[in-house]
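Visitor: Could you show me how to read burial, contacts and pockets in a model like this one?

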Amino acid sequence: MMRFLLLFSRQGKLRLQKWFTPIPEREKKKIIREMTTMVLARQPRSCNFLHWKDLKIIYKRYASLYFCLAIENHENELLALEVIHRYVELLDKYFGNVCELDIIFNFEKAYFILDEFLLGGEIQETSKQIVNRCIESSDMLQEYYCEGETDFPGTWRKL
Amino acid sequence: MPAVSKGDGMRGLAVFISDIRNCKSKEAEIKRINKELANIRSKFKGDKALDGYSKKKYVCKLLFIFLLGHDIDFGHMEAVNLLSSNKYTEKQIGYLFISVLVNSNSELIRLINNAIKNDLSSRNPTFMCLALHCIANVGSREMAEAFASEIPRILVAGDTMDSVKQSAALCLLRLYKTSPDLVLMGEWTSRVVHLLNDQHMGVVTAAISLITCLSQKNPDEFKTCVSLAVSRLSRIVSSASTDLQDYTYYFVPAPWLSCKLLRLLQCYPPPEDGAVKGRLVECLETILNKAQEPPKSKKVQHSNAKNAILFEAISLIIHYDSEPNLLVRACNQLGQFLQHRETNLRYLALESMCTLASSEFSHEAVKTHIETVINALKTERDVSVRQRAADLLYAMCDRSNAKQIVAEMLSYLETADYSIREEMVLKVAILAEKYAVDYSWYVDTILNLIRIAGDYVSEEVWYRVIQIVINRDDVQGYAAKTVFEALQAPACHENMVKVGGYILGEFGNLIAGDPRSSPLVQFNLLHSKFHLCSVPTRALLLSAYIKFINLFPETKATIQEVLRCDSQIRNSDVELQQRAVEYLKLSSIASTDVLATVLEEMPPFPERESSILAKLKKKKGPGAVSVTELEDSKREGGELNGGGDRGPDTSAMSASNAVSRHSVTSNLSYVFQSTPSPSADLLGIRSSAPAGTAPASAGNLLVDVFSEAGPAAPSAAVNDDGFLRFVCKNNGVLFENQLLQIGIKSEYRQNLGRMYLFYGNKTSVQFASFTTSVSCPGELQSHILSLNVQTKQVEPLVEGGAQIQQVLNIECLTDFSDAPLLNIKFRYGGALQNLTLKLPVTINKFFQPTEMSSHDFFQRWKQLSQPQQEAQKIFKANHSMDTEVLKAKLLGLGTALLDNVDPNPENYVCAGVIQTKGQQVGCLLRLEPNAQAQMYRLTLRCSKDSVSRRLCELLAEQF
């Protein structure tokens, strides 16, 4: 199974953290620190896999963001890379040309999409269409219930 | 406009986030956050009831603040309130907050569980999914208690929506992993297996993760999944890339599901049904064939997905290890990848080939790639790839290519990354020893190691070379000559001085005939290094000098001069000073005969497993180094030099602790004892016994010394008399003295156990303040608990003649070696009694017997062929060798006793699986009695090396 997924910027700023097993907060912070230093220190065009303790770390950079996924020792590295890619595709489809800012300002959406895709550290649904339909239909639910809201959705994205 | 414009923008949140982003400093950020926290707190506390939207917004802000790394100590209640909102987004944010910030506040958990219960029974699939996601994300025991029986029902109910089924399957998996005892197998289990046939690929993908986990723990119950998995796999593999619509990923049909299916099959031996097996082999062949076809897309996603399946198929082929044809094909395929331009593929190919190298069918095929691998070691830019190449070279090494591989590794060492040098050194040392045909090559190699990477040569390595030189007289002259030459270098590593000092002190006479290496030349050479060395090395050199006096009387005057000078005899270091004084005295008063006896050549070391190998195992051990491994290495250190864990110096020359306690003569007789005698051998307990027949009691003593070093200062000495009697039985009297009797009844199921302790007051007087406590020493209490022992306190008064009972609940989380300690305190007639006992909870209690055929047994035996997976002991029989007694003991151990497996009917063969919470460890055992010699040979092979060793230790005391 997958153990955790971290998204961080080139400057080492954490953008998203998902832990699939319970870990004390203090330990989480330590792991985050270790992961960012380890991954950011890698030379370009190195392989995307690292051994770390009894886990394998699979990382990949998309534009300014690093995606870093920890999997158990017997899991498939290449497939883990594609888990990352599929998640990026899902974000991309939802936000339309996703960028780091989308994830910063809509972190809750990033979590919701992830929950549809992965659950308990395992793949729940690999179909892009189905996951997107799921998220979109919950957005519809939202619209339906949120009539009368006074905020101006969308405008703040230009901030 | 992107989808984000729909619905739920929370403007306040966005403003807050950009404020934070605009903060120029950490202080400014903290200030802004504190302001926001104060604001939210006042809103939550205010008289005005907040509407759902505001509540959602503030909870979301709190979540954001938490994710920035700040502590959040309020807002939980508001989040829980959101759960019962009937607005989807509010509910969703509530659940997200709970999932991220779960708090084991029991009051809150009850409320959360209530909300979840409502959503699960709402029959609204969106709400049900939210609730299931929350359970899967939190996965706490309380949730398992509340929902473990409900979720299987949802999972297999006919009218459950597909998306809910998917969430339910993974949710159940999560609960099964956290609380396996609460997820009860039942009627639903057989229906779960049939989800492999579900029409919806998403359902199959989610369900298979659950099925794989359940099959690992209950292989027999889920056996039917093998044929289902094979037919599903076969349908996917043979489908066209368009057949599976959105489950086709970059022209590869269902890569995730395919890999999961191949992984599931790795939980089982090859299918017995010929048709199923044929179909599977066909699938594997198709996958291998597809690798040769031109890619359908240039995208890396296409090749990754395709190769992911290929690597998983190869893993299965290696797991079966029974199809030579497939193994060789797999090897050739990996060989192609070794030269692929994708670094990832080269890395994986090297890694995968390492496992292929250990199969007898493919070992030779792997070897043909030696040049490519050597090239990888030299030219790869990425250190992690080079590391894999070094691993593979090590794995493919055998007698035929050892010289080449060792030479390449040595030359790589000169430029190797610091991070992997120590491991490389160990590997070279092991290969050199393992495949040495002539020992001069071995000596050369080790000296080269010291020369090239002296700093990384651990003590084990140079101890070992000395051990070997001492034991082989054909190499002693060569060794003396070579170290002598090596020491000529103007700058040589201190480790070289140690080896040189030791070897010349023992065998300098063998080269003394040559005037270029006459005794005085040798001495001057050694002494020229003396002042540059650390204290322990100097101590070793002083001992070499006194040995010189014995070997070469003509050096006596020179050496006495050296010993007598102030820098020695008044050295501020007590050890050096003492040696100088003692050696000087010894050389002046002892007669040549006495000197010759005292300073006689070291006796051969008993043969045993290389301490270097133990060290490498330790380095490579899965995860953290376990205590047993440390114990082992300590013990190895002790054995290696026949005296404690301080290296040859300790035994051969002088041990500081021994020195401080013994007079000169007794010290020396101890130190230089030429025939090991048990009485003098204080530290090297086991080395005094003939190889391989270490008396059980001595070994046990050593084990106990280490295993009890850890516990938090028990005030009473630990009593473990009863401990070993309970390895093969569960009930009986653990302890008895004039006051108290303690009886035990215990039962174990899977990774859980319950132990009833009966405390009987044998006197007619009341015991007052009777308290007991159970502690887990050493590794057991490290932050990853191996053993979870829960108990309720007993009544503080035990009347005369009465017996009270206590129940311990035990959960085995991972494998372990230490035993929990039971401490009992009570007052008897005013005197405080304090007693600590080792509780007989041993790893074998969690055995599930496994019946298997002879064929299966030997196949698994072969699969567990890595050297560290095996533990072996030869020992003297301590009890009756009667067949029935032995059988009863082996059954009591918890394994299945297999008949008709071993060709020799005298032998016993057993199999079992140890169930821990985290994993299962397969164990195979073979016990070979030799009635004539009253000896046994015990061999264990387990999928986890620490388990092999622990079982071997435990069992060696039983027969």
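**Reading residues and a pocket**

Guide: Ser775(B) is partly exposed, because its relative accessible area is 35%; buried means under 20%, exposed over 50%, and partly exposed in between (1.4 Å probe, protein chains only). The model is predicted: local features need pLDDT of at least 70, side-chain atom pairs count only at pLDDT 80 or more, and totals for chains, interfaces and linings use all residues. Residues are numbered from 1 along each chain as written, chains are lettered from A, and side-chain values use heavy atoms without hydrogens or water.

Visitor: Which residues does Ser775(B) contact, leaving aside neighbours within four places in sequence?

Guide: Contact means heavy atoms within 4.5 Å. Ser775(B) touches Pro820(B) and Leu821(B) in that sense. Leu821(B) is 46 residues away in sequence, yet the C-alpha atoms of Ser775(B) and Leu821(B) are 5.2 Å apart.

Visitor: Is His527(B) buried or exposed?

Guide: His527(B) counts as buried because its relative accessibility is 16%. Beyond neighbours within four places in sequence, His527(B) is in contact with Tyr545(B), Val562(B) and Gln568(B).

Visitor: How is empty space found, and what lines the second largest pocket?

Guide: Rolling a probe the size of a water molecule over the atoms shows where empty space is left. A pocket is an open set of points on a 1 Å grid over the protein atoms alone, where a 1.4 Å probe fits, with protein on both sides within 12 Å along at least five of seven lines; lining residues have an atom within 4 Å of a point. Here 30 residues line the second largest pocket, with Lys13(A), Leu14(A), Leu67(B), Leu68(B) and Gly69(B) nearest its centre.
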